[in-house]
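Hello, and welcome to a short tour in questions and answers. Have the sequence and the model open side by side as you read.

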Amino acid sequence: MNVAEIKTNDIANGEGVRTSLFVSGCRHHCPDCFNAMAWDFKYGRLYTEDIEKEILESVKYPWIAGLSLLGGEPFEPENQETLLNLVRNFKKEYPNKTIWCYSGFTIEEIAGVVPSRASTPTAIELLKELDILVDGKFEKELKNIMLKFRGSENQRVIDVQKTLKEKKIILYLS
């Protein structure tokens with residue numbers, strides 16, 4: 001997996017101050033994507049143990065609320081295993097901090113309710129580690145700059161843990 005960018009002290013990609021990891025690689029190619037340069041799986045630098053240490057070190061401060069995963073596309077099959085290892089290590093070290101993930105796939109596609117390339121056993125395990133999933137492709141016709149933590153009206157901010165427990169979509173923000 002390649003890393004497009006790491007933003008520390010980020011306030012735009014989830015609640016509170018966070019570290020945001022932008023992975024490389026996305027096949028959605030949404031028109032007007034804010035990060036089209038990260039569509040290329042080879043963009044940026046190779047994810048290494050040193051990068052993981054950098055990420056985990058960056059969230060140690062008490063004012064950091066957690067980690068956000070963006071892209072590119074975190075749920076592209078090529079990115080899933082590395083991200084699963086990262087979030088498991090993150091949760092071990094910081095059990096009280098949250099993990100947000102932004103995906104062009106819907107939760108139904110990730111979970112395999114709707115067929116998609118994202119639905120793998122690794123994706124299911126990764127989903128179980130998340131606190132919040134902002135799901136759905138960016139749709140420029142539905143763009144709304146007044147929305148909190150998402151760019152278009154079709155996207156949902158989902159409380160993943162409550163959704164998995166109750167077996168129905170529970171929105172974190174409506």
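The questions below go through helices, aromatic rings, single residues and backbone geometry.

This is a predicted model, in which local features need pLDDT of at least 70, side-chain atom pairs count only at pLDDT 80 or more, and totals for chains, interfaces and linings use all residues. Residues are numbered from 1 along each chain as its sequence is written, and side-chain values use heavy atoms, with hydrogens and water left out.

Q: Which residues of helix 1 are buried?
A: Helices (H or I, at least four residues) and strands (E, at least two) are DSSP runs, numbered from the N terminus, and helix 1 covers residues 49-58. Buried means under 20% relative accessible area, exposed over 50%, and partly exposed in between, with a 1.4 Å probe and protein chains only. In helix 1 the buried residues are Ile-51, Glu-52, Ile-55, Leu-56 and Ser-58.

Q: How wide is the arc that the buried residues of helix 1 cover around the axis?
A: The arc is that of the directions from the helix axis to the C-beta atoms. The buried residues lie on the same side of helix 1, while Glu-49, Asp-50 and Lys-53 are exposed on the other side. The cover over the buried residues includes strand 1, strand 2, strand 3, strand 4 and helix 2. As for the arc, it is only 165°.

Q: Which residues of helix 4 are buried, and within what arc do they fall?
A: Helix 4 spans residues 121-129, and Ala-123, Leu-126 and Leu-127 are buried there. Seen down the axis, they line one face of helix 4, because they fall within an arc of 100°.

Q: What covers the buried residues of helix 4?
A: Here cover is a matter of contact, meaning heavy atoms within 4.5 Å. Among the covering elements are helix 2 (77-93), helix 3 (107-111), strand 6 and helix 5 (160-166).

Q: At what angle do helix 2 and helix 4 pack?
A: Axes are lines fitted to C-alpha atoms, for helices over the stretch in contact, and angles run from 0 to 180 degrees between N-to-C directions. The axes of helix 2 and helix 4 are 9 Å apart, and the helices pack at an angle of about 30°. That makes helix 2 roughly parallel to helix 4, a term for angles under 35 degrees (over 145 is roughly antiparallel, 65 to 115 roughly perpendicular and the rest oblique).

Q: Which residues of helix 4 does helix 2 meet?
A: On the helix 2 side, the residues involved are Gln-80, Glu-81, Leu-83, Leu-84, Val-87, Arg-88 and Lys-91. Their partners in helix 4 are Thr-122, Ala-123, Glu-125, Leu-126 and Glu-129.

Q: How do the rings of Trp-100 and Phe-149 pair?
A: The structure holds six aromatic pairs. Rings of Phe, Tyr and Trp (its six-membered ring) pair if their centres lie within 6.5 Å; planes under 30 degrees apart count as stacked, over 60 as edge-to-face and the rest as tilted. For Trp-100 and Phe-149, the values are 5.0 Å centre to centre and 65° between the planes, and the pair is edge-to-face.

Q: Where do Trp-100 and Phe-149 lie in the chain?
A: Both residues are buried, and they are part of one aromatic cluster with Tyr-102 and Tyr-172. Their pair links distant parts of the chain, 49 residues apart. Trp-100 is in strand 5 (residues 98-103), and Phe-149 is in the loop between strand 6 (132-135) and strand 7 (156-159).

Q: Is Asn-2 buried or exposed?
A: Asn-2 is found in strand 1 (residues 2-10). The residues that Asn-2 touches include Val-23, Phe-41, Gly-44 and Tyr-47. At 12% relative accessibility, Asn-2 counts as buried.

Q: Which residues are joined by a cis peptide bond?
A: Most residues other than glycine have a negative phi, and most peptide bonds are trans. Gly-72 is found in the loop between strand 4 (64-70) and helix 2. With omega of about 20°, the cis bond joins Gly-71 and Gly-72.

Q: What is phi of Lys-167?
A: Lys-167 has its place in the loop between helix 5 and strand 8 (171-173). At 74% relative accessibility, Lys-167 counts as exposed. Its phi is a positive value in a residue other than glycine, near 60°.

Technical notes
Lists of a residue's contacts leave out its neighbours within four places in sequence.
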